[in-house]
Amino acid sequence: MNEKQTHDDVYQMLSQSGYSDKAIQYFQAKENIGVIENADQITDVTGPCGDTIKISMDVVDERISDAKIQVLGCPGAIASACAVVNLAKGKTLEEASQIDLDALYKELEKLPDQKIHCARLAVKTLQKALEQYAGKDRDRAANEHQGRHR
(Lines give C-alpha, C1' and ligand atoms only; values in the text may rest on other atoms or scores of the structure.)
Protein backbone atom coordinates (compact mmCIF):
# COMPACT_ATOMS: atom_id res chain seq x y z
CA MET A 1 0.00 0.00 0.00
CA ASN A 2 1.47 3.35 -0.99
CA GLU A 3 1.56 6.48 1.15
CA LYS A 4 -1.29 8.23 -0.69
CA GLN A 5 -3.55 5.18 -0.30
CA THR A 6 -2.76 5.03 3.43
CA HIS A 7 -3.43 8.77 3.72
CA ASP A 8 -6.77 8.35 1.92
CA ASP A 9 -7.74 5.31 4.04
CA VAL A 10 -7.02 7.22 7.27
CA TYR A 11 -9.03 10.17 5.96
CA GLN A 12 -11.96 7.85 5.18
CA MET A 13 -11.86 6.22 8.62
CA LEU A 14 -11.75 9.55 10.43
CA SER A 15 -14.51 11.01 8.28
CA GLN A 16 -16.73 8.01 8.97
CA SER A 17 -15.98 8.39 12.69
CA GLY A 18 -17.40 11.92 12.71
CA TYR A 19 -14.37 14.19 12.18
CA SER A 20 -14.85 17.23 9.92
CA ASP A 21 -12.62 17.72 6.88
CA LYS A 22 -10.87 20.57 8.69
CA ALA A 23 -10.17 18.46 11.81
CA ILE A 24 -8.79 15.67 9.61
CA GLN A 25 -6.56 18.19 7.81
CA TYR A 26 -5.14 19.37 11.16
CA PHE A 27 -4.50 15.75 12.16
CA GLN A 28 -2.86 14.77 8.88
CA ALA A 29 -0.79 17.95 8.38
CA LYS A 30 0.43 17.93 11.99
CA GLU A 31 1.21 21.63 11.61
CA ASN A 32 2.75 23.16 14.75
CA ILE A 33 4.09 19.81 16.00
CA GLY A 34 7.53 20.21 17.54
CA VAL A 35 9.48 21.92 20.29
CA ILE A 36 10.80 25.45 20.64
CA GLU A 37 14.31 25.38 22.06
CA ASN A 38 14.73 27.78 25.02
CA ALA A 39 11.02 28.60 24.95
CA ASP A 40 9.66 31.32 27.22
CA GLN A 41 7.04 28.88 28.53
CA ILE A 42 6.68 25.11 28.45
CA THR A 43 3.59 23.49 29.93
CA ASP A 44 2.15 20.01 29.72
CA VAL A 45 -1.19 18.63 30.84
CA THR A 46 -2.39 15.03 30.94
CA GLY A 47 -6.09 14.49 30.51
CA PRO A 48 -8.27 11.94 32.33
CA CYS A 49 -8.02 9.62 29.28
CA GLY A 50 -4.21 9.59 29.54
CA ASP A 51 -3.55 11.81 26.50
CA THR A 52 -0.82 14.39 27.13
CA ILE A 53 -0.34 17.73 25.39
CA LYS A 54 2.81 19.81 25.85
CA ILE A 55 3.02 23.36 24.54
CA SER A 56 6.15 25.46 24.17
CA MET A 57 5.81 29.12 23.29
CA ASP A 58 7.83 32.24 22.74
CA VAL A 59 6.42 35.58 23.80
CA VAL A 60 7.61 38.93 22.44
CA ASP A 61 6.03 42.20 23.60
CA GLU A 62 3.10 40.37 25.25
CA ARG A 63 2.34 38.53 21.98
CA ILE A 64 2.75 34.81 21.24
CA SER A 65 5.37 34.99 18.49
CA ASP A 66 5.67 31.22 18.09
CA ALA A 67 4.22 28.09 19.62
CA LYS A 68 4.73 24.37 19.09
CA ILE A 69 2.94 21.36 20.44
CA GLN A 70 3.80 17.78 21.31
CA VAL A 71 0.97 15.29 21.67
CA LEU A 72 0.79 11.77 22.98
CA GLY A 73 -2.74 10.85 22.05
CA CYS A 74 -5.44 10.07 19.56
CA PRO A 75 -6.35 11.94 16.34
CA GLY A 76 -8.80 14.11 18.31
CA ALA A 77 -6.05 15.26 20.67
CA ILE A 78 -3.61 15.90 17.82
CA ALA A 79 -6.12 17.87 15.72
CA SER A 80 -7.28 19.88 18.76
CA ALA A 81 -3.74 20.68 19.91
CA CYS A 82 -2.59 21.74 16.43
CA ALA A 83 -5.69 23.91 15.99
CA VAL A 84 -5.42 25.61 19.40
CA VAL A 85 -1.81 26.55 18.67
CA ASN A 86 -2.86 27.86 15.26
CA LEU A 87 -5.48 30.03 16.96
CA ALA A 88 -3.00 31.34 19.57
CA LYS A 89 -0.03 32.19 17.34
CA GLY A 90 0.28 35.91 16.72
CA LYS A 91 -2.27 36.81 19.38
CA THR A 92 -1.56 38.96 22.43
CA LEU A 93 -1.57 37.10 25.73
CA GLU A 94 -4.93 38.73 26.51
CA GLU A 95 -6.42 37.67 23.17
CA ALA A 96 -5.09 34.12 23.57
CA SER A 97 -6.62 33.91 27.05
CA GLN A 98 -10.02 34.34 25.38
CA ILE A 99 -9.62 31.15 23.32
CA ASP A 100 -12.18 28.74 24.70
CA LEU A 101 -13.85 25.48 23.74
CA ASP A 102 -16.34 27.30 21.50
CA ALA A 103 -13.56 29.05 19.56
CA LEU A 104 -11.65 25.79 19.13
CA TYR A 105 -14.76 23.87 18.14
CA LYS A 106 -15.58 26.56 15.57
CA GLU A 107 -12.05 26.18 14.15
CA LEU A 108 -12.25 22.37 14.00
CA GLU A 109 -15.87 22.43 12.80
CA LYS A 110 -16.65 18.95 14.15
CA LEU A 111 -15.22 16.20 16.32
CA PRO A 112 -16.93 12.98 17.31
CA ASP A 113 -18.89 13.51 20.55
CA GLN A 114 -16.61 11.10 22.42
CA LYS A 115 -13.60 13.29 21.47
CA ILE A 116 -14.80 16.61 22.90
CA HIS A 117 -12.60 15.94 25.94
CA CYS A 118 -9.61 16.20 23.56
CA ALA A 119 -10.60 19.74 22.64
CA ARG A 120 -11.04 20.57 26.34
CA LEU A 121 -7.53 19.23 27.04
CA ALA A 122 -6.02 21.40 24.28
CA VAL A 123 -7.73 24.54 25.60
CA LYS A 124 -6.77 23.67 29.19
CA THR A 125 -3.12 23.23 28.16
CA LEU A 126 -3.03 26.63 26.44
CA GLN A 127 -4.76 28.37 29.37
CA LYS A 128 -2.43 26.74 31.91
CA ALA A 129 0.61 27.85 29.86
CA LEU A 130 -0.71 31.42 29.77
CA GLU A 131 -1.35 31.41 33.53
CA GLN A 132 2.10 30.01 34.29
CA TYR A 133 3.74 32.55 32.00
CA ALA A 134 1.81 35.40 33.66
CA GLY A 135 2.92 34.09 37.06
CA LYS A 136 6.57 34.08 36.00
CA ASP A 137 6.12 37.59 34.60
CA ARG A 138 4.66 38.82 37.93
CA ASP A 139 7.56 37.17 39.82
CA ARG A 140 10.08 38.84 37.49
CA ALA A 141 8.46 42.25 38.00
CA ALA A 142 8.37 41.78 41.79
CA ASN A 143 12.06 40.80 41.84
CA GLU A 144 13.00 43.84 39.76
CA HIS A 145 10.97 46.07 42.09
CA GLN A 146 12.66 44.55 45.17
CA GLY A 147 16.12 44.98 43.60
CA ARG A 148 15.54 48.71 43.13
CA HIS A 149 14.41 49.22 46.72
CA ARG A 150 17.27 47.56 48.59
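This is a chat about the sheet, the salt bridges and a few single residues of a predicted model.

Trainee: Hi! Where do I start? How many strands are in the sheet, and in what order?
Mentor: Hi! Three strands form an open sheet, and their order is β1-β2-β3. The pairing is antiparallel.

Trainee: Which strands stand at the edges?
Mentor: Those are β1, residues 41–46, and β3. Each has a single partner strand, so one side of each has no neighbour in the sheet.

Trainee: And what's the twist like from one strand to the next?
Mentor: The twist averages 15 degrees.

Trainee: How many bridges join β2 and β3?
Mentor: Nine bridges, in the antiparallel sense, with β2 covering residues 52–60. To find one on screen, look for Ser56, whose bridge partner in β3 is Lys68.

Trainee: What holds strands together in general?
Mentor: Strands of a sheet pair through backbone hydrogen bonds, parallel or antiparallel.

Trainee: OK, which strands does α3 lie across?
Mentor: α3 lies across β2 and β3. Its direction is at about 175 degrees to β3.

Trainee: New topic: how many salt bridges are there?
Mentor: The count comes to three. One of them joins the side chains of Lys22 and Glu107, at 3.4 Å from N to O. That pair links distant parts of the chain, with Lys22 in helix α2 (residues 21–29) and Glu107 in helix α5 (residues 101–108), 85 residues apart.

Trainee: Is Glu107 buried or exposed?
Mentor: Glu107 is buried, with a relative accessible area of 16%. Its partner Lys22 is partly exposed, at 27%.

Trainee: Why does 16% count as buried for Glu107?
Mentor: Because buried means under 20% relative accessible area, and Glu107 has 16%.

Trainee: Got it. What does Glu95 form a salt bridge with?
Mentor: With Arg63, where the closest N and O atoms are 3.9 Å apart. Glu95 is in helix α4 (residues 93–97) and Arg63 is in strand β3 (residues 63–72), so this pair ties together parts that are 32 residues apart in sequence. Glu95 is partly exposed at 40% relative accessible area, and Arg63 is partly exposed at 38%.

Trainee: And what about Asp66, which residue does it form a salt bridge with?
Mentor: Lys89, with 3.7 Å between the closest N and O atoms. Asp66 sits in strand β3, while Lys89 is in the loop between α3 (75–88) and α4, so parts 23 residues apart in sequence are tied together. Asp66 is partly exposed, with a relative accessible area of 25%. Lys89 counts as partly exposed too, at 28%.

Trainee: Switching to rings: how many aromatic pairs does a search of the whole structure find?
Mentor: Zero. There is a charge over a ring to look at, though: Lys30 lies over the face of Phe27.

Trainee: How far is Lys30 from the ring centre?
Mentor: The distance is 4.0 Å.

Trainee: Last one: I clicked on Ser65. Where does it lie?
Mentor: Ser65 lies in strand β3. At 44% relative accessibility, Ser65 counts as partly exposed.

Trainee: What does Ser65 touch, leaving out residues up to four places away in sequence?
Mentor: Asp58, Val59 and Val60. You could also find Lys91 on screen: Ser65 and Lys91 are 26 residues apart in sequence, and their C-alpha atoms are 7.9 Å apart in space.

Trainee: Thanks, that helps a lot!
Mentor: You're welcome!

Definitions and conventions: Residues are numbered from 1 along each chain as its sequence is written. This is a predicted model: local features need pLDDT of at least 70, side-chain atom pairs count only at pLDDT 80 or more; totals for chains, interfaces and linings use all residues. Side-chain values use heavy atoms; hydrogens and water are left out. Rings of Phe, Tyr and Trp (its six-membered ring) pair if their centres lie within 6.5 Å; planes under 30 degrees apart count as stacked, over 60 as edge-to-face and the rest as tilted. A charge sits over a ring if NZ of Lys or CZ of Arg is within 6 Å of the ring centre and within 35 degrees of the ring normal. A salt bridge is a side-chain nitrogen of Lys or Arg within 4 Å of a carboxyl oxygen of Asp or Glu. Helices (H or I, at least four residues) and strands (E, at least two) are DSSP runs, numbered from the N terminus. Buried means under 20% relative accessible area, exposed over 50%, partly exposed in between (1.4 Å probe, protein chains only). Two strands pair if DSSP finds at least two bridges between them. Axes are lines fitted to C-alpha atoms, for helices over the stretch in contact, and angles run from 0 to 180 degrees between N-to-C directions. Contact means heavy atoms within 4.5 Å.
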